[in-house]
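User: I've got a chain open here and would like to talk it through. Can you take my questions one by one?

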Amino acid sequence: MAIRIPRIIKKSSTTGDVPKGHFAVYVGEKQKKRFVIPISFLNEPLFQELLSQAEEEFGFNHPMGGVTIPCSEDLFIDLTSRLRK
């Protein structure tokens, strides 16, 4: 029997599809992909660590025009799947 876990993040391709209470981040090492995630992630220590790494790498000059997270897409999905909505 399989247990289905709801996705709390989603890939997004357009700039106008960010619902209230969410924000977009760009994730990837070479090819950046856009994800829409809940603002509540900002309170999570694990996500704050990702933001600290982004600050170290990019400062406030994010090449994609939004918050860029410098890790692989798989790692990002794994880490954010541990966070609560």
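**Fold, surface and salt bridges**

User: Let's begin with the surface. What share of the accessible surface of the chain belongs to carbon and sulfur atoms?

Analyst: Keep in mind that this is a predicted model. The accessible surface of the chain comes to about 6,000 Å². Of that, the part belonging to carbon and sulfur atoms is 52%.

User: And which pattern does the chain follow along the sequence?

Analyst: The secondary structure comes to 2 helices and 4 strands. Put in sequence order, they read β-β-β-α-β-α.

User: How much of the chain is made up of buried residues?

Analyst: The chain has 85 residues. To count as buried, a residue needs a relative accessible area under 20%. The buried share is 35%.

User: Among contacts between residues at least 6 apart in sequence, what share joins residues at least 24 apart?

Analyst: Here we take the contacts in the chain whose partners sit at least 6 apart in sequence. The portion joining residues at least 24 apart is 52%.

User: Now the charged pairs. Which residue forms a salt bridge with Glu73?

Analyst: A search of the whole structure turns up 2 salt bridges. In the one with Glu73, the closest N and O atoms are 3.1 Å apart, and the partner is Lys33.

User: How many residues apart in sequence are the parts that Glu73 and Lys33 tie together?

Analyst: Glu73 lies in helix α2 (residues 73-81), while Lys33 lies in strand β3 (residues 33-38), so their salt bridge links a helix to a strand. The separation in sequence is 40 residues.

User: Is Glu73 buried or exposed?

Analyst: Its partner Lys33 has 33% relative accessibility and counts as partly exposed. For Glu73 the relative accessible area is 17%, and the cut-off for buried is under 20%. That makes Glu73 buried.

User: What about the pair with Asp78: which residue forms a salt bridge with Asp78?

Analyst: Asp78 is partly exposed, at 35% relative accessible area. The closest N and O atoms of the pair are 2.9 Å apart. The partner has a relative accessible area of 56%, which is exposed; it's Arg82.

User: One more spot, Arg34. Which side chain does the side chain of Arg34 make a polar contact with?

Analyst: Arg34 is found in strand β3 and is buried, with a relative accessible area of 9%. Its side chain makes a polar contact at 3.5 Å, and the other side chain belongs to Tyr26.

User: And how far apart in space are Arg34 and Thr68?

Analyst: In sequence, Arg34 and Thr68 are 34 residues apart. Going from C-alpha to C-alpha, the distance in space is 9.0 Å.

How values were computed:
Residues numbered from 1 in each chain as written. Predicted model: local features only at pLDDT ≥ 70, side-chain atom pairs only at ≥ 80, totals over all residues. Heavy atoms only, no water. Buried < 20%, exposed > 50% of the residue type's maximum accessible area, 1.4 Å probe, protein only. Contact = heavy atoms within 4.5 Å. Areas by Shrake-Rupley, 256 points an atom, 1.4 Å probe, with all protein chains shown as cover. Salt bridge = Lys/Arg side-chain N within 4 Å of Asp/Glu carboxyl O. Polar contact = N/O pair within 3.5 Å; in protein donor to acceptor, adjacent residues only side chain to side chain.
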